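Subject: Structure handover and notes

Dear colleague,

Here is the structure I said I would pass on. My notes follow below it.

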Amino acid sequence: MKRWIQINNLPIRYKLISHFLLISIIPIICLGFLINSTVERVLEEQVNNNTSQLISKVNESLEFHINNMQSITYFIAANKDIQLFLNQNSEEESMVNEYDITDFLRNFTTISPEVAGLLVVNNEGNYMSNELYAPSGKNLTEEYWYQEAVDNKGIFKIIGKPEGRSITSLVNYRNDEVVSVVRAVVDPYTQEVLGVILIDLKVRVIAETVKDIRLGKTGYLMVIDDQNQTIYQPNEPLIDTIPDQWIDERTTGTFSKLVNDQKLQFIFHKSSFANWTTIGVFPAKETIFEIREIRYYLVIFVFIIMLFGIPVSYILSNSISKPISELMRFMRKAEEGNLAVRYHEKRHDEIGLLGRSFNKMLAQIDQLMRLTKRHERQKREAEFRSLQANINPHFLYNTLDSIQWMARKQKADDIAEVVESLAKLFRIGLSKGRDMIPLSEEIEHLESYLMIQKMRYREKLNYQIQVDESNRSLYVLKFILQPLVENAIYHGIKERRGLGHIIVTAHEKEQKLSIIIQDDGVGMSETQLEEIRQALSEAITRTENQEENRDKKGYGMLNVQARILLTFGEEYGIYMDSKKEIGTRVEIILPILNDLVLNGGKPNA
C-alpha cells in the first residue's frame, strides 16, 4: 500500500512516460510470445500431419504389394497342375508335368517384377519352383516357415527376412534383399494341409516406395515387422534399431527421444494388413528452424518499437505535462490569495478548457466573497422564520390540550375525546422533525384520526387495528396510513349503505413489513382499478407539480407511494386490489427497520 502511494506521488510526466511505454512495448512483447507459441504449435502440427499422411500413403503402397502376393498364392493354388502336384501320393506314379508347372511359376516373375522367387511344397516334402531350390534329401516340411504356414491354417502370413532356411536362390539374393510370405493350401473338405506356397518379395520394391521420401533435410522413413526386425532403412540411419518399448502396442503415435546427444522426433503408423510399422525419423531441430527465423524477426521488431517508442513517449508526455505544470503554478498563486492571476495561453484542448474554467472560477470566487455577508444575513432570517413555524404548531396543540381539560371539567367527554385526538394528530405530526417514526406512533396517529371520524360517522364506520407488539417497535415513514384510511372512508365506506368496516393489520412477510388496509366499501371497477395502478406506477412523476395535482382524487395515496419509492426503492410501495360492491384491499410493503439499521433517523437499506 505504501509503495502504491509513492507511485501516485510521482509527477504526471513520469506517469505518462510509463503509461506510453506500457501500452506500446508490453503488448508487443506479449504479442511476440503469443505468435511464437502459436507458430511453433501450428508448425509442429503441420509437420506431424504431413508426415502421418506420407506414412499412410506408404502403408497403402506396401499393403498393395503384400495384397498382390496374397492374390498370387490364391492364383497358384487354383492351377490344375499345382492341385495335381499337391494331391499326388508318393507311392503313385508321377502324373505331374514339371516343365509346365515351372514355366507357370516363372511367368509370375515376369508379370510381377517385385517377385524374387516362388516355391510350392506338398505335404510329402516335394517341391516345385522357378528360381528356388533346396539341397537334395532335405525335407522342406520340417522347415520353420512351412510349420508356421501350417499353423496359420490357410491364412496368408508374412515371415520376414529368410533367416536360417535351407533354400537357395538361383539369382543369389541375400537375406536382407528379400521378404518371405507363405500360405498353406488346405483341402476345403477334409481341412487337410496339402502343401505350402512360399513367395520371396524383393525389398527393392519397398525401398523404391520409401527411399525418395525425405523428412526435412536428413529425416527418412523406415519399415519394421512385428518382430521388430528392420525391413528397410537407409544406409546411414540416425538410429539403428527401434526398441520395442518405444512403440508398445500402439498402432499410431508420436514421441521424441535423445539419441547420441541428438533429439530425434518419431512418427509411426502400423499397417493393419501387413502388420508392418512405418516410422518417420527426423531431427527435432529441423522442425524449429522456421521458428527460430520468426523469433529473430520478432526480436528485431520489438527492438525497433522500443527504439522509437521511448523518445516518442517522452515527447508526448512532455507536451501534456508541461501546460499542466504551468496551470498548477497559477493555482498555487491563487491558493496564496492572489485572485487576480489569470491563465493566458491560447489552447483549444482539454487543458485550454481547464485554464478558461480556472479563470472563470477565480472570477466567481471573487464575486461570491462579496455576496457572503448578504447570504449570512439571509440565513439568519430563514432560521428565525423556521423557529416561528415550529412555535405555531406547538402553541396550537398546547391550546387544544387546554380545551380538552376544560371539556372534561364540564363533563363533555365526547368533546374532550375529539379534542384529545386532534391534539395527538398535531403532536405526532411534529415528531420533533423526524421523517421516520415507530409503527406504534403511526398507529396512534391513525387511531386519533379514526376516533375523530368515528364521532362524525357514528352509525356508518367501525374499525379494527391488529398489530403484533413485536412489530410496533419497527420504524416506518411518517403519515403513510392516514391518507390511505381517509381514501377508504370517503371513497368506500361513505358510499355504501349500512355500517362499514375498516381493518388494519401489520405482519412480517418474506423479510419485509406488510401493512394491509382492507374495507368492505363499494369497491372499484376493473377500469378504475387499472387507472389507480397506472397512477401508482407513475407516482413520482405525477406528484412533482404539487400545486397542480393537490386537489385531484387520490393525491394523498400517490404522495405516500412517491415517498416510499424515493426513500426505499422500487421493490417497495403500495399494491391495490378491489372488486365492485365487495371492497378494496391496499397493501403497503416496507423494509424491516429497527434501531440497528437506522443512522441519524434515516434507513440504511
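What joins the side chains of D577 and R533? The two meet in a salt bridge, with N to O at 2.5 Å. Please keep in mind that this is a predicted model, and that the values in this email are computed from it.

The C-terminal salt bridges

D577 sits in strand β18 and R533 in helix α15, so their salt bridge ties together parts that are 44 residues apart in sequence. D577 counts as partly exposed, at 40% relative accessibility. R533 is partly exposed as well, with a relative accessible area of 31%.

R533 also has a salt bridge to E530, where the N to O distance is 3.5 Å. Why are E530 and R533 about one helical turn apart? They are three residues apart within helix α15, which covers residues 526–537. For E530 the relative accessible area is 44%, so this residue is partly exposed.

The strand that holds D577 is half of a hairpin. Strand β18 (residues 573–579) pairs with strand β19 (residues 583–591) in the antiparallel sense, and seven bridges connect them. Three residues lie between the two strands, and in that turn E581 has a positive phi of about 65°. The bridge partner of D577 in β19 is R585.

R585 in turn makes a salt bridge with E587, and the closest N and O atoms of that pair are 3.7 Å apart. Are these two residues buried or exposed, or in between? E587 has a relative accessible area of 8%, which is under the 20% limit, so E587 is buried. R585 is partly exposed, at 29%. K509 joins R585 and E587 in a network of salt bridges. The count of salt bridges comes to 10.

The five-stranded sheet

Elsewhere there is an open sheet of five strands in the order β2-β1-β7-β6-β4, with antiparallel pairing. Its edge strands are β2 (127–129) and β4 (157–160), each of which pairs on one side only. Neighbouring strands are turned against each other by 20° on average, with direction ignored.

At the β2 edge, β1 (residues 115–122) and β2 run antiparallel and are joined by three bridges. V120 has M128 in β2 as its bridge partner. Helix α3 (residues 80–87) packs on the sheet and touches β1, β2, β6 (178–186) and β7 (193–202). The direction of α3 makes about 45° with that of β1.

The loop after β4

P162 lies in the loop between β4 and β5 (168–169). Is this proline buried or exposed? Its relative accessible area is 4%, so P162 is buried. Leaving aside residues up to four places away in sequence, P162 touches Y144, N175, V178 and S180. One of these, V178, is 16 residues from P162 along the chain, and their C-alpha atoms are separated by 7.4 Å.

A nonpolar patch on the surface

Which residues make the nonpolar surface patch of about 850 Å²? They are Y296, Y297, I300, F303, I304, L307, F308 and V312. F308 is placed in helix α9, which spans residues 289–335. F308 has a relative accessible area of 54%, above the 50% limit, so this residue is exposed.

The chain as a whole

The protein chain has 605 residues, and 40% of them count as buried. Its secondary structure comes to 18 helices and 21 strands. Among contacts between residues at least 6 apart in sequence, 61% join residues at least 24 apart. The chain exposes about 36500 Å², of which carbon and sulfur atoms supply 53%.

To look at the salt bridges first, start from R533, which meets both E530 and D577. From D577, the bridge partner R585 leads on to the network with K509 and E587.

Regards

Terms used
Residues numbered from 1 in each chain as written. Predicted model: local features only at pLDDT ≥ 70, side-chain atom pairs only at ≥ 80, totals over all residues. Heavy atoms only, no water. Patch = residues over 30% accessible without salt bridge, like charges linked within 9 Å, V, L, I, M, F, W, Y side chains within 5 Å. Areas by Shrake-Rupley, 256 points an atom, 1.4 Å probe, with all protein chains shown as cover. Salt bridge = Lys/Arg side-chain N within 4 Å of Asp/Glu carboxyl O. Helix = DSSP H or I, 4+ residues; strand = E, 2+ residues; numbered from the N terminus. Buried < 20%, exposed > 50% of the residue type's maximum accessible area, 1.4 Å probe, protein only. Pairing = 2+ DSSP bridges. Axes fitted to C-alpha atoms, helices over the stretch in contact; angles between N-to-C directions. Contact = heavy atoms within 4.5 Å.
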